[in-house]
Amino acid sequence: MFHVVCPVCLLRIFIVVLFSFILERSKIRLIKFDCTFTHSASESYFLPKSVILEETLQSLGVETPDDFQFLKEDDLLSALRPIQARKLVAAWSLKCPAQESGCLTASPGPSQSMMSLSPTSSSSSSSCQSPSGSLPESFTIPWEQFPEALTQALEREKRPNPSLRKEMVRIVVREMMKVTTSLSKKNATDVARKLVAKYPKSLQDVIEGDVIGTGYGSLVKQIQNRIENVKRPTTPKIKKRKSHDSDTDEVPPEKRAAIQDTYGCVRWHVKFMPLGETAETQQQKKNKLKNLFSQNEQSTGPLKMLMKSTFYSQRQDVNQGKDMKYLQENWPYWFHDIGMNVHFKELTGVDLKESFLKNVEQKGERLLHFMKTVAVNKSKRFYQAATNLQIMMGEQAVSTQVTEMVLLLLAYFDERDDVMFHYVEDTCLAEEVVMDRVPLTPTIVVCGQSCFSARGMMLSLDHVIVNDNISSFITSLCMMFGSYYCFNIHYPSALASTLEFLQRCFFSINPERGTKVERTSATRLHVNARVLTLIQDLSDHEWRSI
């Protein structure tokens, strides 16, 4: 016959369970309790703090464990310190109520304990001490198990070769799996962060001194992949659920677009006009810019000042959804080198063209060297694409480094160049371009048979030629890329990897979370997995070559 437990006793027991969990996670040894409770159970079984907490909860109207879901941190501050209150509220969120975790179990006889409270007493109660998929904070990376060659490379601040890096991941994941087989992305991230924190020179994602993303994204990817590989033979196929890690995939659809629009921006929505400015002065400056454009004024100083001072009005127009023709008519300089550089700098904090040229100088040759000496040997498809590019280049008198770099990136990621470039006759005028054949996204219209032999270029946005006279490939590339940010346009999935690699490695925009890529059914890491792989390969190549 089962004992009937009164609500008050059940509440007391649940308090002890939560306290046990909190103290266990805080490495504090909990007093052992005699867990056989009846209606006459003595309050001496409870910690003094739990008595105070019990009184506080009763005063708030808490009667059963189910009522814990309505508690807030502020409700507990009269009985607990702020951190303790936060831990207690967090403990409830870890799904420890009796009906879900089985932590509070009725016993079949009076001689046995009616409730199991020990967080380590049995496997059936293990869910009360930590959430499923949680790795204890005390988890220690098994440094002593690393091969001697790996240890020597780490201690000497040298990058381990790929085979040693893989062996390191295998060892770490093996030890993680001994603790719990239900590992989450957060667990992989925490371990990767610890590894890189101890040996940043050897393990960090860095190209020519620039840290890419968080610096440990590629290591997280490797650890996650290894965990999946180890679990694959024994893990049944179940319906995939969303990760509990915060990312744009968990944001409601109605808010997702705004997050993608603001990705990488520091001043996406400007709430106030500059001091001293009014709606009238903004309109006057806007009209002045239009008049100067009609006079073909190219004095950079005054134009930059006017574009910067009217940044507020520009953001208001684009964020209110004004179409491209309206924006082009009212802000003509915005679609030219001078205006876009100013707006992009105000929007993202990054110098569009200056940052790109600086990074090309630092990393361009290394990227090309990797593509021509390593990548060509890994894929027959890429080898053929690289060979065709060499034939197209011929003997060009002008420098083609940037053009070659971008086209090789497209080939490396196996992405469509016709989504980034649209080719027309070299004598084609803007009004002669058949816009139905041009993508809606920012597109470089190449006047010629190839980017190497083009006589000029144009920029198309939303099927509108917004600039029909761009003389250099670098300028057209910077304006094409800048348009995604200035005009709230998402990266097309057909160019996701190429654009993100350019964004992180050459335009120095490295958000830790979110994505600029249009929404697809596939979930994404904070940094594109294919981009992470190339970054890791380049980092290794940087230490072993040249």
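Q: Is Cys 265 buried or exposed?
A: In this predicted model, the relative accessible area of Cys 265 comes out at 17%. The cut-off for burial is under 20%, so 17% puts Cys 265 in the class we call buried.

Q: How many disulfides does the structure hold?
A: Let's start with what the word covers: a disulfide is a covalent bond between the sulfur atoms of two cysteines. To count here, the two sulfur atoms must lie within 2.5 Å. The total for this structure is 0.

Q: Which cysteine has the sulfur nearest to that of Cys 265?
A: With the disulfide count at 0, Cys 265 is in no disulfide. The nearest cysteine sulfur is 8.4 Å away, and it belongs to Cys 486.

Q: What about Cys 428: which cysteine has the sulfur closest to its own?
A: Cys 428 is buried too, with 13% relative accessibility. Its closest cysteine sulfur sits 6.3 Å off, which is too far for a bond, and that sulfur is in Cys 447.

Q: Where is Glu 277, and which residue's side chain does it meet in a polar contact of 2.3 Å?
A: Glu 277 has a relative accessibility of 17%, so it counts as buried. You'll find it in the loop between helix 10 (253-262) and helix 11. Setting aside neighbours within four places in sequence, its contacts are Gln 282, Ser 309 and Lys 285. The polar contact of 2.3 Å is between the side chains of Glu 277 and Lys 285.

Q: How far apart are the end C-alpha atoms of helix 11?
A: Helix 11 has 16 residues, and at 1.5 Å a residue it should span 22 Å. The distance between its end C-alpha atoms agrees with that: 23 Å.

Q: Within what arc do the buried residues of helix 11 fall?
A: The buried ones are Gln 282, Lys 286, Leu 289 and Leu 292. They lie on the same side of helix 11, because around the axis they cover an arc of only 125 degrees.

Q: Which residues are exposed on the other side of helix 11, and which helices do its buried residues pack against?
A: Turn to the other side of helix 11 and the exposed residues are Glu 280, Gln 284 and Ser 294. The buried residues, meanwhile, pack against helix 12 (300-309), helix 13 and helix 14 (324-330).

Q: Which residue just after helix 11 takes a positive phi?
A: The phi in question is about 60 degrees. It belongs to Asn 296.

Q: Which residue forms a salt bridge with Asp 317?
A: The closest N and O atoms of this pair are 3.7 Å apart, and a salt bridge needs them within 4 Å. The pair links distant parts of the chain, since Asp 317 is in helix 13 (residues 311-319) and its partner, 31 residues away, is in helix 11 (residues 279-294). Both residues are buried. The partner of Asp 317 is Lys 286.

Q: How many salt bridges does the structure hold, and how many residues apart in sequence are Arg 159 and Asp 540?
A: The structure holds 18 salt bridges. One of them joins Arg 159 to Asp 540, with closest N and O atoms 3.3 Å apart. Arg 159 sits in the loop between helix 5 and helix 6, while Asp 540 belongs to helix 21 (residues 529-544), so the bridge ties together parts whose separation in sequence is 381 residues.

Q: What are the relative accessibilities of Arg 159 and Asp 540?
A: Both ends of that bridge are buried: Arg 159 and Asp 540. The values are 9% for Arg 159 and, for Asp 540, 2%.

Q: Which residue in helix 6 forms a salt bridge with Arg 170?
A: The two residues are 3 apart in helix 6, so about one helical turn separates them. Arg 170 is partly exposed at 34%, and its partner is partly exposed at 26%. Their closest N and O atoms are 2.9 Å apart, and the partner is Glu 167.

Q: Which residues of helix 5 are buried?
A: Glu 148 and Glu 155 are exposed on one side of helix 5. The buried residues pack against helix 6 (162-179) and helix 8 (200-203). In helix 5 (residues 148-155), the buried ones are Leu 150, Ala 153 and Leu 154.

Q: What arc do those buried residues of helix 5 fall within?
A: Looking down the axis of helix 5, you'd see its buried residues line one face. That is because they fall within an arc of 95 degrees.

Key: Residues are numbered from 1 along each chain as its sequence is written. This is a predicted model: local features need pLDDT of at least 70, side-chain atom pairs count only at pLDDT 80 or more; totals for chains, interfaces and linings use all residues. Side-chain values use heavy atoms; hydrogens and water are left out. Buried means under 20% relative accessible area, exposed over 50%, partly exposed in between (1.4 Å probe, protein chains only). Helices (H or I, at least four residues) and strands (E, at least two) are DSSP runs, numbered from the N terminus. The arc is that of the directions from the helix axis to the C-beta atoms. Contact means heavy atoms within 4.5 Å. A salt bridge is a side-chain nitrogen of Lys or Arg within 4 Å of a carboxyl oxygen of Asp or Glu. The expected span of a helix is 1.5 Å times one less than its number of residues. A polar contact is a pair of N or O atoms within 3.5 Å; within protein, one must be able to donate a hydrogen and the other to accept it, and residues adjacent in sequence count only if both atoms are side-chain atoms.
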